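Me: Hi! I'm new to this one and would like a friendly walk through it. Could you show it to me?

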Amino acid sequence: MTEAKPVQMTQLLDAVAAPVLLLEQTRIVGANDAMCRLLATPLADLLRLPPQHWVIPEHRQALIDYGARCLASADQQPAQELDALTAYGSIRHLEITGRRLSLPGAHVALLTCTDLSDMRHVQNSLLEMGRVMHQIIETDPVPTFVIDAEHRVTHWNAACARLSGISASELVGSRDAWRAFYDAPGPVLADLVVDGSVASVGPERYNGQLRMSLTLPDTCECEAFFPNLGGQPRWVFFTATPLRDVEGRVVGAIETLQDVTARRTAEEQLRENQAELESIVAQRTAELLLSNHELDAFLENASVGIIATRGSVITRSNKKFAEIFELETVTGDELSAKLFFLNEADFRELSRRMRETLAEGRSLSHEMRLRTANDTPIWVQMIAYTTNPLDPQASVWWLLQDRTEVMRAQEELVLNYRNIKQTNARLEEAQNQLLQSEKMASIGQLAAGVAHEINNPIGFVNSNLGSLRRYVEALLSLVAAYGRHRDELTADTELARLEKAADLDFIAEDLPALLQESEDGLSRVKKIVQDLKDFSRVDSADWQDADINAGLESTLNVVMNEVKYRADVERRLGQLPPVRCLAGQLNQVFMNLIVNAAHAMEGKRGLLTLSTGCEPRDKVDGVWVEVADNGKGMTPEVQRRIFEPFFTTKPVGQGTGLGLSLSFSIVKKHGGHIELHSEPGVGTRFKVWVPVGGPSA
């Protein structure tokens, strides 16, 4: 087909009231205005759609197949129901009928659509109404039954079954509704309504008690006595109403029953109950009024400020609000909320946050600085919620709490925290100074021993050098004489006498030994000085990998003068990896432990044992150093206080009481542990453990 022909065909189809669509195999070629309105799609957009895309995805293949059948056969195809998808996303239920339409040069499928959506809606509504009516009747606590135009029982609810003692299965479908009320067959009130004989038969059957309802039109009611209803005599008030179709014809009747036996036999009691009920109602009304007053009192005396705002105006406030913002009295006059903001920018920012948060259906929680009526700045915590999130003009309720003192306390806490950090820094500096003082005290204590150790080799070096001087002088004299009397070598000459006095043979033998002794002495001095340097580590005050065994040996050499006269030393050193540490500080720990162990040997020569090894703890690789002695040991009281600063068991003037305290701090600084095992009369054992990788490990 040409492009002009679909347009002309569409113009012809516009005259058809029913929605019509023209399809080829692969495209839509035309549609009338009714179809465009049904799909809410302009014709130009509809012609660009694939031929099946105007129905929901589940029905597209069915539409393709239906169109193919239309094009393949000249006969009109059976009607088929499909769901169309409009441009608005709504679904319309359609019945389509199609047939092939032959046009010059092409065949098209002509689809005529009938919109069944409204009919389907009505059908569903009727079915739903029927289900609802059935549920209403079945769940109604009032005994109710329904008969149709043929006097058959269609509904007999549970309440009716309980009242009559006859189940619904016995009566539904039968014409025996009378069985519940009478011993012999006869019409019930619903039967009279269906027959239209209420006026003729009713007065006689119900002894003139039958009457038309004053509240429900077309409804008759009666109150009668039934001697055997549900196995006992009952007074029943019952009503019957005709059921009519849309044309007004009676198609059935519904009858309700109410057991009024108690009312008939105890009307006086009912009046008393009514009076009591009225009294209770009055009491409850008074209680509700009191509760309302109490609620107002609660709002007025609440511990937080409560206000209601509309826009930027405060429409209601309580006493606490006036107290927080230093208002003289709680007034019913409206106030501008802007009066309590420090500036216009703060007010706009809070308003923006409030609108965004409340529009999402959430309450706003915020804190900010405001000012009172006397221009005093205060810190306020606020919670806001709206009565209607969808209405921007709805009132907003605010709960306000003065947190100025809390904020001031927080600022003081921050200040105190900074002061504590500064104090800790000063304490750490003081501790470092104390550590250095202890080291200097320890070095001073060892000075005499070190001087003694150095003095011995220096003494014999000086002595040997004096002897060497005399030997050399004699040799020089001899050499000079040889120079003068080289040709007079006789036994009686001066040269012979000098040679004899010089004792060249002894000098030749003793001089190398003197020199060797001097070199050994000087080596000892050098070793002592090097060990003292290793102990102090003056050239390595930073964290580094160190050999713990080497540090322990150098420390022992430095303090050997304190040890060698008191105890024998036994070494049990294991193979250790390099340890990340402050070597000088760990040497200080070793010195304190070795010196204390030596001083523990009182009155006897003891044994000092130095041991090292590797031991992981809590999945962390570490090394340990143990200093053990067989001295006097410590009592439990001393053990409990041994690491306290300034605690010492030595006489006054012989100890600072800082050695073990600083040792404890140094080990903790390295992320390690120091353990003590001691028994009076047996000895003491200190064990130091530090991680290989340093405290960060």
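Reply: Here is a short tour through salt bridges, a pocket, some strands and a few backbone details. Keep in mind that the model is predicted.

Me: Great, salt bridges to start with. How many does the structure hold?

Reply: The structure holds 34 salt bridges. One of them joins the side chains of R244 and D218, at 2.7 Å from N to O.

Me: Where do R244 and D218 lie?

Reply: R244 is in strand β10 (residues 232-244), while D218 is in the loop between β8 (211-212) and β9 (220-229), so their pairing ties together parts 26 residues apart in sequence. R244 is partly exposed, with a relative accessible area of 44%, and D218 is partly exposed too, at 39%.

Me: D218 caught my eye. What is its phi?

Reply: Phi of D218 is near 65°, which is a positive value in a residue other than glycine. A40 is another such residue, with phi near 55°. You'll find A40 in the loop between α2 (33-39) and α3 (43-48), where A40 is partly exposed at 24% relative accessible area.

Me: Back to β10 for a second. Which residue makes a salt bridge with R234?

Reply: That's D259: the two side chains meet at 2.8 Å, N to O. R234 lies in β10 and D259 in strand β11 (residues 250-259), so this pair ties together parts that are 25 residues apart in sequence.

Me: And is R234 buried or exposed?

Reply: R234 is buried, with a relative accessible area of 11%. Its partner D259 is partly exposed at 35%.

Me: What about the pair E344 and K338, how far apart are the closest N and O atoms?

Reply: In the E344 and K338 salt bridge, those atoms are 3.7 Å apart. The relative accessibility of E344 is 36%, which counts as partly exposed, and K338 is also partly exposed, at 36%.

Me: Which residues are linked in a network of salt bridges?

Reply: E349, R352, R353 and E356 are linked that way.

Me: Nice. Changing topic: what volume does the second largest pocket have?

Reply: The second largest pocket has a volume of about 570 Å³. It is lined by 31 residues, and T309, G311, M354, V396 and W398 are the closest to its centre.

Me: Which elements give two or more residues to that lining?

Reply: They are β12 (305-310), α13 (344-359), β16 (377-386) and β17 (396-402). The largest share comes from α13, with seven residues.

Me: How does the lining divide into nonpolar, polar and charged residues?

Reply: There are 21 nonpolar residues, seven polar and three charged in the lining of that pocket.

Me: Some of those strands must belong somewhere. What is the strand order in the open sheet of six strands?

Reply: The order is β14-β13-β12-β17-β16-β15, and the pairing is antiparallel. At the edges are β14 (335-336) and β15 (364-371), each of which pairs on one side only.

Me: How many bridges join β15 to β16?

Reply: Eight bridges join that antiparallel pair. To find the pairing in the model, look for L370, which stands opposite I378 in β16.

Me: Let's move on to β24. How many of its residues are buried?

Reply: Eight of the nine residues in strand β24 (residues 683-691) are buried, so the strand is mostly covered.

Me: Which strands are joined to β24?

Reply: Strand β22 (residues 622-629) runs antiparallel to β24 and is joined to it by eight bridges. In that pairing, E626 stands opposite K687. Strand β23 (residues 673-679) also runs antiparallel to β24, with seven bridges between them. There, I674 stands opposite V688.

Me: And what's going on between β23 and β24?

Reply: The two form a hairpin with three residues between the strands, and G681 takes a positive phi near 80° there.

Me: Last one: how many disulfides does a search of the whole structure find?

Reply: The search finds zero disulfides. As for individual cysteines, C113 is buried at 1% relative accessibility, and C581 is buried with a relative accessible area of 1%.

Me: Thanks, that gives me plenty to look at!

Terms used. Residues numbered from 1 in each chain as written. Predicted model: local features only at pLDDT ≥ 70, side-chain atom pairs only at ≥ 80, totals over all residues. Heavy atoms only, no water. Salt bridge = Lys/Arg side-chain N within 4 Å of Asp/Glu carboxyl O. Helix = DSSP H or I, 4+ residues; strand = E, 2+ residues; numbered from the N terminus. Buried < 20%, exposed > 50% of the residue type's maximum accessible area, 1.4 Å probe, protein only. 1 Å grid on protein atoms, 1.4 Å probe; cavity = no way out; pocket = protein on both sides within 12 Å on 5 of 7 lines; lining within 4 Å. Points joined across faces, edges and corners; volume = space filled by probe spheres on them. Nonpolar A, V, L, I, M, F, W, Y, C, P; charged D, E, K, R; others polar. Disulfide = S-S within 2.5 Å. Pairing = 2+ DSSP bridges.
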